[in-house]
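Thank you for making time for this. I would like to walk through one binding site and then one residue beside it, so please keep the structure open while I talk.

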Amino acid sequence: MRMPLIAGNWKMHLTLHEAVELAKAVAAAAEQYSDREVLLYPTFLQFTRVQEAVSGTKVLLGAQNCSAEKDGAFTGEISAAQLRDAGAQYVLIGHSERRHILGEKDDFLKKKIDRVLEQNLKPMLCVGETLSEREAGRAKEVVLNQLLAALQHLHENEWRQITIAYEPVWAIGTGKNATPEDAQRMHSTIRSKISALCPSVAHTVRILYGGSVKPDNIAALMAMPDIDGVLVGGASLKAESFIAILRDAVV
Ligand code: PGA
């Protein structure tokens, strides 16, 4: 049985005050649910204050990115070791905004996965096709290639730390979510590939869906057998909508 994971990706939003207040509200609500996990991804700058705000609660924290290098002269970068030191448990790797706006490529993301694992942190790898790739009938090929490039070298004990987030690029921030059935098909394809790569973890790796998740579509998404949680952007920025998603994320 995979424990559902509801994650909020705050991206480059919120003031420090707003971030701390939102984190406190989420932490208070999360206490009611022993059968699902809650994870927040604040900005680096807000990380420590948010960490203090949720300390002792069940809210997990992750970073939105990390350096592909271990340490040294890399101006503006933040290492996985520093994230661990600050109390992060998860690191988001390969979000489509980093792939498509900042030009991060598969090889670079593979290095980041290794840096995160070296620190005993949990990478959450984002994969997903663009609209033109989907229309060209290449969605599965694109998603599986992203998965293979970043993860196929991992050993079983490393696979146990992995979470996947399937986020079709055309569904992110657009209000157009994939239908639950479409998402399920891709999640099942991803799970079959994991089964081929590392059979012993295929039934334990969590695969989240992301892309315009809202209070009104969470129940239908979570009803799908291979959707183990969600990665929420816009609707994670308001306590009311994120808490409603958390409440209705029933398997
Ligand atoms: P959205 O973003 O929920 O605003 O579509 C999801 C994400 O980018 O992780």
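Before I list any neighbours, let me fix the term: a residue counts as near a molecule if one of its heavy atoms lies within 4 Å of it. Please also keep in mind that this is a predicted model. With that cut-off, there are 13 residues around the ligand, and those that come nearest are Lys11, His95, Glu167, Gly173 and Ser212.

Let me take the polar contacts next. The side chain of His95 places an N or O atom 2.7 Å from an oxygen atom of the ligand, and a polar atom in the side chain of Glu167 likewise lies 2.7 Å from a ligand oxygen. Gly173 contributes through its backbone, where an N or O atom is 2.6 Å from an oxygen atom of the ligand. As for the ligand as a whole, it exposes 280 Å² when taken alone, and the protein buries 94% of that area. The space that the ligand takes is the second largest pocket.

Now to Ser212, which is found in the loop that runs between β7 (206-210) and α10 (218-222). Is Ser212 buried or exposed? Ser212 counts as buried, because its relative accessibility is 9%, and the cut-off for buried is under 20%. Leaving aside residues up to four places away in sequence, Ser212 touches Ala171, Gly173, Thr174, Gly175, Lys176, Asn177 and Asn217. With one of these, Gly175, there is a polar contact as well: a polar atom of the Ser212 side chain lies 2.8 Å from the backbone nitrogen of Gly175.

Terms used: Residues are numbered from 1 along each chain as its sequence is written. This is a predicted model: local features need pLDDT of at least 70, side-chain atom pairs count only at pLDDT 80 or more; totals for chains, interfaces and linings use all residues. Side-chain values use heavy atoms; hydrogens and water are left out. Helices (H or I, at least four residues) and strands (E, at least two) are DSSP runs, numbered from the N terminus. Buried means under 20% relative accessible area, exposed over 50%, partly exposed in between (1.4 Å probe, protein chains only). A polar contact is a pair of N or O atoms within 3.5 Å; within protein, one must be able to donate a hydrogen and the other to accept it, and residues adjacent in sequence count only if both atoms are side-chain atoms. Contact means heavy atoms within 4.5 Å. Accessible areas come from the Shrake-Rupley method with a 1.4 Å probe; for residues, only the protein chains shown count as cover. On a 1 Å grid over the protein atoms alone, a cavity is a set of points where a 1.4 Å probe fits but cannot get out, and a pocket is an open set with protein on both sides within 12 Å along at least five of seven lines; lining residues have an atom within 4 Å of a point. A molecule sits in a cavity or pocket if more than half of its atoms lie within 2 Å of its grid points.
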